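Let's take a walk through this protein together, one piece at a time. Have the model open and turn it as you read.

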Amino acid sequence: MTNREYLEDEDAEEPDDFVISLTSQITRRDEGMAPFISGEKRNYVFGGICGVAANASIKALADMRSINLFGVQQICRNTIALEQAMAAIPYIDGETVQQNLDRVRTYFELLNMPFEALLAFIAEHDQMFTPTEYSNLLKVNVPGRDTPQDAQSRLLEILSH
């Protein structure tokens, strides 16, 4: 994800190729394991993959220089594809998968908020993401979003209360 530019000129209709590959690998691995490993253990393995993928997606923003509205939509589309693949696995805890990937979508959708609205969201939901994750939202260039010079200090002021 970090090796890709998310500055698309139009809305793509499919997930990224790496997500399609990942979801097909997950499906194949589950089918291969099914005769030998109980549903509870498969839930553990694939539920863990979902958590790792969610955390990696959020951390990937730190390495992105720019993202636009279509890029945010693409990342959301990727998480939906992953969620669908995970939900198709029998015995998987679909609610946990959905919560993990909803968190990713919420995080990236925050990039579409104007700066002042983002600060208001952070003030109300200061525990939803870490201070570093909130800070990374301000570091990435979002065309059309004006971020003042004192953005980081204003963020720290909100998070210190």
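Start with helix α4, which covers residues 94–109. This is a predicted model, and a quick check on a helix is to see whether its length adds up. With 16 residues at 1.5 Å a residue, α4 should span 22 Å, and its end C-alpha atoms are indeed 22 Å apart, so the two agree.

Now look at which parts of α4 are tucked away. Its buried residues are Val97, Leu101, Val104, Arg105, Tyr107 and Phe108. Seen down the axis of α4, these buried residues fall within an arc of 160 degrees, so they line one face of the helix. There's a simple rule behind this kind of pattern: an α-helix has 3.6 residues a turn, so residues three or four places apart point the same way. And what do the buried residues of α4 pack against? Their partners are α2, α3 and α6, the last of these being residues 131–139.

Let's follow that lead to α6, where you'll find glutamate 133. Is glutamate 133 buried or exposed? Its relative accessibility is 10%, and since buried means under 20%, glutamate 133 counts as buried. Setting aside its neighbours within four places in sequence, glutamate 133 is in contact with Ile58, Arg103 and Tyr107. Tyr107 has come up already, as one of the buried residues of α4.

Next, zoom out. The protein has seven helices and zero strands, so reading from the N terminus the elements simply go α-α-α-α-α-α-α. The C-alpha atoms fill a box of roughly 60 × 40 × 20 Å along the principal axes. Of the 161 residues, 39% count as buried. Among contacts between residues at least 6 apart in sequence, 73% join residues at least 24 apart.

One of the buried residues sits in α7, residues 151–159: leucine 155. Leucine 155 has a relative accessible area of 1%, so it's buried. Beyond its neighbours within four places in sequence, leucine 155 is in contact with Leu119, Ile122, Tyr134, Ser135 and Leu138. Aspartate 17, on the other hand, is 138 residues from leucine 155 in sequence and 35 Å from it in space, C-alpha to C-alpha.

The loops are worth a stop too. In the one between α3 and α4 sits tyrosine 91. Its phi is near 75 degrees, a positive value in a residue other than glycine. At 57% relative accessibility, tyrosine 91 counts as exposed. Over in the loop between α1 and α2 is alanine 34, which counts as partly exposed at 36% relative accessibility. Alanine 34 is 55 residues from isoleucine 89 in sequence, yet their C-alpha atoms are 9.8 Å apart in space.

Finally, where is there empty space? Rolling a probe the size of a water molecule over the atoms shows where it is left. Here, the largest pocket holds about 170 Å³ of space. Of the 13 residues lining this pocket, Phe18, Val19, Ala53, Ser57 and Leu82 are the closest to its centre. Which helices supply at least two residues each of the lining? They are α1 (17–33), α2 (39–60) and α3 (69–87). Sorted by class, the lining has 10 nonpolar residues, three polar ones and no charged ones.

Definitions and conventions. Residues numbered from 1 in each chain as written. Predicted model: local features only at pLDDT ≥ 70, side-chain atom pairs only at ≥ 80, totals over all residues. Heavy atoms only, no water. 1 Å grid on protein atoms, 1.4 Å probe; cavity = no way out; pocket = protein on both sides within 12 Å on 5 of 7 lines; lining within 4 Å. Points joined across faces, edges and corners; volume = space filled by probe spheres on them. Helix = DSSP H or I, 4+ residues; strand = E, 2+ residues; numbered from the N terminus. Nonpolar A, V, L, I, M, F, W, Y, C, P; charged D, E, K, R; others polar. Expected span 1.5 Å × (residues − 1). Buried < 20%, exposed > 50% of the residue type's maximum accessible area, 1.4 Å probe, protein only. Arc of directions from axis to C-beta. Contact = heavy atoms within 4.5 Å.
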